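This briefing walks through a few local features of the structure shown below, grouped by topic. Please keep the sequence and the coordinates at hand while reading.

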Amino acid sequence: MKPTPCEYMMWNGLPVIRKEIAESMINNYGLNQKETAIKLGLTPAAVCQYLSKKRGKIKIVDESILIEINKSAELIIKNGGSSVVPETCRICKILISKGVFPLTCDSCPSEE
């Protein structure tokens, strides 16, 4: 059975999104790995694996996407855990719309 778009993104996209946001929090906002893990609701070991490229191996190079990832990192830092899911979904939609992941998905809640 073919995986649904959300399953595909769970296994392939979510690690990339988490890695990029974690890198932004550390490199652009000065958080350490433990602080980043707390903000993202992850373990410090998971953040370590993202930073060491053991998870989320795709590197985002599109500057417009990186700007949006930095905005997400800032919002998560300011607003805490309540921002993680909406910002993850927002970045997911951007990655799909920009063709980073070759999917179409209308399962996510619409922006209102």
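**Helix H1 and its surroundings**

Among the elements that cover the buried residues of H1 are helix H2 (33-40), helix H3 (44-51), H4 and H5. The model is a predicted one, and the points below take up H1, then Ser83, and then the aromatic side chains.

**Helix H1**

- The buried residues of H1 include Met9, Gly13, Pro15, Val16 and Ile17, and they also include the charged-type names Lys19, Glu20 and Glu23.
- Helix H1, which comprises residues 5-29, spans only 32 Å between its end C-alpha atoms, whereas a straight helix of 25 residues would span 36 Å at 1.5 Å a residue.
- At Gly13, H1 bends by about 45 degrees, and Pro15 is a proline that follows within four residues.
- Gly30, found just after H1, adopts a positive phi of about 75 degrees.

**Ser83**

- Ser83 is located in the loop that lies between helix H4 (63-79) and helix H5 (84-97).
- Ser83 counts as buried because its relative accessibility is 8%, under the 20% cut-off for that class.
- The side chains of Ser83 and Asn79 are joined by a polar contact of 3.5 Å.
- When residues up to four places away in sequence are not counted, Ser83 touches Leu75 and Ile76.

**Aromatic side chains**

- Arg55 lies over the face of Tyr50, at a distance of 5.5 Å from the ring centre.
- Zero aromatic pairs are found in a search of the whole structure.

Methods. Residues numbered from 1 in each chain as written. Predicted model: local features only at pLDDT ≥ 70, side-chain atom pairs only at ≥ 80, totals over all residues. Heavy atoms only, no water. Helix = DSSP H or I, 4+ residues; strand = E, 2+ residues; numbered from the N terminus. Buried < 20%, exposed > 50% of the residue type's maximum accessible area, 1.4 Å probe, protein only. Polar contact = N/O pair within 3.5 Å; in protein donor to acceptor, adjacent residues only side chain to side chain. Contact = heavy atoms within 4.5 Å. Phe/Tyr/Trp six-rings, centres within 6.5 Å; stacked < 30°, edge-to-face > 60°. Lys NZ or Arg CZ within 6 Å of the ring centre and 35° of its normal. Expected span 1.5 Å × (residues − 1). Bend = angle between axes of the 7 residues up to and from the residue.
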